[in-house]
Every structure is written in C-alpha cells, then in structure tokens.
Amino acid sequence: MSATALEDLNLAHIAKQQFDAAVPFTSDLEGWRGVAEWIFKPEKITKVNLPVVMDDGYVHTFLGYRVLHDTLRGPGKGGFRFHPMVDEDEVTALATWMTWKCAITDIPFGGAKGGVACDPHALSAGEKERITRRYIAALGDAIGPHSDVPAPDLYTSEQTMAWAYDTYSMMHAGANNLGVVTGKPLHVGGSEGRATATAQGVLFVIERMVEMGAIPALSTLEGTEVAIQGFGNAGRNAAKLFRAAGAEIVAVSDTKGGVYDPAGLDLTRVEQHKDETGSVVDVSGTKELDPLEVLEVPCDILIPAAMESQITTANANRVQAKVIVEAANGPISPQADAILGDNGIPVVPDVLSASGGVVVSYFEWVQNLANEHWPALQVHERLREKMYHATDAVVTKRAALIDNLEHYQEQWSKVQPDSPGPERPTLRTAAHVVALEKCRQTASHRGIWP
C-alpha cells in the first residue's frame with residue numbers, strides 16, 4: 001500500500017484539521033466553541049444541473065456547485081473552476097480558505113467558491129461559453145455584486161468572466177452589474193494588475209518575510225534558486241516576477257512534465273516552447289523531469305502553483321527546499337506539513353501567500369462600484385501594502401503564540417482535559433488564528449439575528 005493511501009486527502013477534512021489546530025490559540029474558549037462551529041460551517045451550498053447543447057448536438061448535463069461559506073465580514077468572494085474532479089467537498093474547502101484569505105488581508109468579504117465538473121481540455125470555446133452562461137443563469141440571484149462575487153479559478157479566465165458578467169447583466173437590466181464578477185478583461189471593467197495578482201502577492205509576502213528576518217535560511221532574494229510547480233497563470237507569472245527580483249528559476253513544470261537547469265533556466269526560451277508546443281517539456285539543454293519531480297530539486301524557494309495535495313507523505317521527505325511558499329490552494333497535506341516541519345523546512349501558507357488574487361479582485365470590485373479605473377502603479381502599491389500588512393500580522397502572531405505557548409496549553413487543558421493540547425504553532429496555524437480572531441470579533445459585534 002502506498003504512503004498516500006494511508007492519508008486522508010479530502011480537502012474539506014484538511015480544512016477542518018487546520019481550523020482545529022488554530023482554535024486552542026483563541027481566547028475565551030468556553031464561549032468560543034459554539035461560535036467556532038458557526039464560523040466554520042458554510043452558510044449555503046448550491047448544486048445545479050446544467051443541460052448544455054454540445055457541438056455535436058448531444059445534450060450533456062453537467063453538475064455545478066457554488067458554496068457561500070461566510071458573509072460575516074461582507075459578500076462572498078471566490079472563483080469558480082472547470083475541472084473533472086470538482087465536487088462538493090473540494091468547493092467547500094476552497095470557500096473556507098477564501099474566508100481566511102479575506103480576513104488575513106483585511107478586505108470586507110467572506111469566502112465563496114464554485115465549479116463545474118467537466119474536462120476543460122475536451123471542450124471547445126463555444127461549449128465553455130454555453131456551460132458558463134448556463135451556470136450563471138442557474139445560480140440566478142445566489143450571486144450578485146453585494147451578495148456573492150465570483151472570479152476566475154482553475155481553467156477559467158477573463159473571457160469566462162466576461163461571459164459570466166454578460167449573462168448576469170442580461171438577467172438584471174438597468175443596474176450597474178460590473179461588480180458581479182471580477183477578473184474581467186480591462187475593457188469590460190477589469191482591473192490593472194489582476195492577471196498577475198496571485199504571483200505578485202507571493203513575491204510580496206516572501207520579500208517582506210526576508211526583510212523581517214522571518215526566514216532564517218534566506219537573507220536576500222538576489223541569487224536565490226527557485227523551483228515552481230505549475231506553469232499556468234500563477235506559476236508562469238511567479239517565474240517572471242521572481243526572475244525580475246534577482247532570483248534564478250532552476251525548475252518549472254506543467255501537467256506533462258518539467259525541466260531543470262541548476263544554472264538557471266532561460267525563461268524566454270521556456271515560455272516560447274510552452275506557447276509553441278503546449279508544454280515546457282523538451283526544452284533543449286535542460287534535464288527532463290516528471291510532473292512531481294520539480295518538488296524535489298535542490299533549491300532555496302519552492303513554489304507549488306498547481307493543484308491540491310501535491311506534497312504528501314509519499315514525497316515530503318524528498319523535498320530539498322529551504323522554504324516553501326504556497327501559490328496553489330492546499331498543495332501540502334497535513335501529514336506532509338508535519339514532516340516538512342520536522343525537517344526544518346518552513347511553509348508559508350496559501351491563506352497568506354496566495355491571497356493576492358482576491359485582494360486585487362477587491363480592488364476591481366471597488367472600482368466597478370465607483371465607476372473608476374485605477375492606474376497600474378496605484379493597484380501595485382495598494383497590493384504591496386495589503387500583503388505586507390498581512391505578512392506582518394501573521395509573523396507577529398506566530399511569535400506571540402510561541403512566547404505564550406504554555407498559557408494556551410494550560411487554558412486548553414481546562415476546557416478539553418482529555419484531548420491533546422496545542423503544539424508549537426506553524427505559520428499556517430498563526431495565519432488561521434489571525435483570520436479566526438477577525439471573524440470572531442465581527443461575530444461578537446454583529447451578534448446573531450433574530
């Protein structure tokens with residue numbers, strides 16, 4: 001039996017484990033336990049059947065989901081994806097993580113997420129458009145500029161968002177509907193900087209942590225060796241941004257495989273090859289890698305920017321990075337997290353490092369509601385400010401939790417004497433504590449109606 005067969009890689013279960021690890025570090029535990037259950041559970045789960053006429057005339061029925069996790073701090077916010085593995089548990093976990101991202105970066109949204117179970121590689125552009133329009137029409141008033149605001153995610157794009165906006169607008173004539181989705185093309189109400197926002201946020205977070213001395217193994221980004229799993233929007237842009245910051249990109253990969261050059265890849269050549277062939281595989285002068293091997297090359301910074309559950313007990317001990325910065329959602333299993341910690345490899349968690357996309361989505365939403373368009377520099381600097389402040393909060397929180405670990409252990413033993421006490425907190429746990437404290441404060445002030 002393989003090592004991964006022994007792991008529970010259900011994303012909803014993983015999200016709950018991460019949440020549970022943070023709960024003992026909250027105050028007033030006697031009153032918090034009931035509130036914790038309320039905050040963790042999703043508010044609404046919508047499932048829709050989507051009959052779509054395919055190019056061959058056959059009517060295929062797709063299954064779509066939208067999970068609204070939390071509206072304590074504002075409307076729901078989160079992308080929708082096209083992928084064969086989309087299911088309720090996956091979408092619920094992703095919506096949950098979106099709540100924490102919004103709270104950590106202090107933007108007035110709660111989490112949401114959606115998806116359609118389909119194979120995007122097998123669909124024509126026309127079929128994707130019809131699926132999108134049917135999905136948005138089926139959701140109806142479950143989404144809206146002041147209730148739940150979708151955005152692009154895996155295998156959806158700014159074109160997908162343009163179709164989504166147009167569909168919603170046709171159903172809600174006479175109103176400013178631009179804010180119903182974000183990640184739109186610039187000439188359809190999109191924001192400068194949205195396409196690179198996730199990758200830019202990753203860079204800002206690690207840049208700030210290096211500046212703070214929070215990553216002892218790194219004193220500068222100049223000359224650091226970076227490996228990136230995933231060469232889609234987040235991974236490809238991260239490669240270019242880190243290279244511009246002075247790092248050497250030594251390995252990249254996509255779903256078909258990867259390439260490695262310890263002296264540093266020629267990114268221009270890699271991008272050209274990707275555009276011409278559809279993959280980074282077989283770039284001349286590089287060592288070929290299997291898709292997961294990129295996670296194991298010697299490097300200073302490893303950026304998982306692909307799918308969930310990529311680093312598990314099966315390969316965690318082979319990771320050779322000095323630090324991992326998550327650009328994908330949930331790329332590391334809890335058991336792998338523990339192994340990496342034992343091996344002295346810190347992990348900068350997705351709920352912090354991968355939140356740049358939702359921050360600039362918020363900026364787009366604000367621009368849409370005000371009928372404004374901000375210049376690229378303004379978006380860039382506001383994103384930097386948000387990501388720096390969020391990083392400061394998480395790093396400071398972790399230090400405070402470690403300093404007071406005995407107090408939290410004693411406090412936990414009083415309310416849960418038969419369960420293990422809190423362990424030394426990681427950056428992931430600290431990030432969740434920051435998020436939960438903000439949600440708790442909002443819940444306390446708002447109360448429960450009626």
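**Close-up views of a predicted model**

Leu 139 counts as buried, because its relative accessibility is 6%, below the 20% limit for burial. The model shown in these views is predicted.

**View 1. Leu 139 lies in helix 4.** This helix covers residues 125-139. Beyond residues up to four places away in sequence, Leu 139 touches Thr 46 and Arg 66. The C-alpha atom of Leu 139 is separated by 35 Å from that of Ser 253, and the two residues are 114 residues apart along the chain.

**View 2. The largest nonpolar core of the chain contains 89 residues.** Trp 100, Ile 104, Phe 242 and Ile 301 are the members that touch the most other members of this core. A further core, of 23 residues, lies apart from the largest one. Among the residues of this other core are Val 116, Leu 123, Tyr 135 and Leu 139, the last of which is the helix 4 residue of View 1.

**View 3. Ile 104 is shown with its contacts outside its sequence neighbourhood.** With neighbours within four places in sequence left aside, Ile 104 is in contact with Val 351 and Leu 352, among others. Its contacts also include Ala 390 and Val 394. Ala 431, Val 434, Ala 435 and Lys 438 are likewise in contact with Ile 104. Helix 14 is formed by residues 427-446.

**View 4. Ser 333 sits in the loop between strand 12 and helix 9.** The strand spans 321-325 and the helix 334-342. Ser 333 is buried, as its relative accessible area is 0%. Not counting residues up to four places away in sequence, Ser 333 touches Glu 7 and Leu 9, and also Ile 311, Thr 312 and Thr 313.

**View 5. Asp 106 and Tyr 155 are two loop residues with positive phi.** Most residues other than glycine have a negative phi. Asp 106, not a glycine, has a phi of about 60°, and Tyr 155, also not a glycine, has a phi of about 60°. Asp 106 is found between helix 3 (88-104) and strand 5 (110-117). With 43% relative accessibility, Asp 106 counts as partly exposed. The loop that holds Tyr 155 runs between strand 6 (148-149) and helix 5 (158-171). Tyr 155 is partly exposed, with a relative accessible area of 35%.

**View 6. A cis peptide bond joins Trp 449 to Pro 450.** Its omega is near 5°. Most peptide bonds are trans. Pro 450 belongs to the segment after helix 14 (427-446).

**View 7. The whole protein chain is given as context for the close-ups, with 14 helices and 13 strands.** Its radius of gyration is 21 Å, close to the 22 Å from the globule rule for 450 residues, so the chain is as compact as a globular protein of that length. The C-alpha atoms fill a box of roughly 65 × 65 × 50 Å along the principal axes. Of the 450 residues, 57% are buried. Among contacts with a separation of 6 or more, 70% are between residues 24 or more positions apart. The chain exposes about 18500 Å², of which carbon and sulfur atoms supply 50%. The chain has 38 positive and 57 negative charges, and the mean positions of the two sets are 4 Å apart.

Terms used:
Residues are numbered from 1 along each chain as its sequence is written. This is a predicted model: local features need pLDDT of at least 70, side-chain atom pairs count only at pLDDT 80 or more; totals for chains, interfaces and linings use all residues. Side-chain values use heavy atoms; hydrogens and water are left out. Helices (H or I, at least four residues) and strands (E, at least two) are DSSP runs, numbered from the N terminus. The radius of gyration is taken over C-alpha atoms; the globule rule is 2.2 Å times the number of residues to the power 0.38. Buried means under 20% relative accessible area, exposed over 50%, partly exposed in between (1.4 Å probe, protein chains only). Contact means heavy atoms within 4.5 Å. Accessible areas come from the Shrake-Rupley method with a 1.4 Å probe; for residues, only the protein chains shown count as cover. Lys and Arg count as positive and Asp and Glu as negative; His and the chain ends are not counted. The place of a charge is taken as NZ of Lys, CZ of Arg, CG of Asp or CD of Glu. A nonpolar core is a set of buried Ala, Val, Leu, Ile, Met, Phe, Trp, Tyr and Cys residues joined through side-chain atoms within 4.5 Å.
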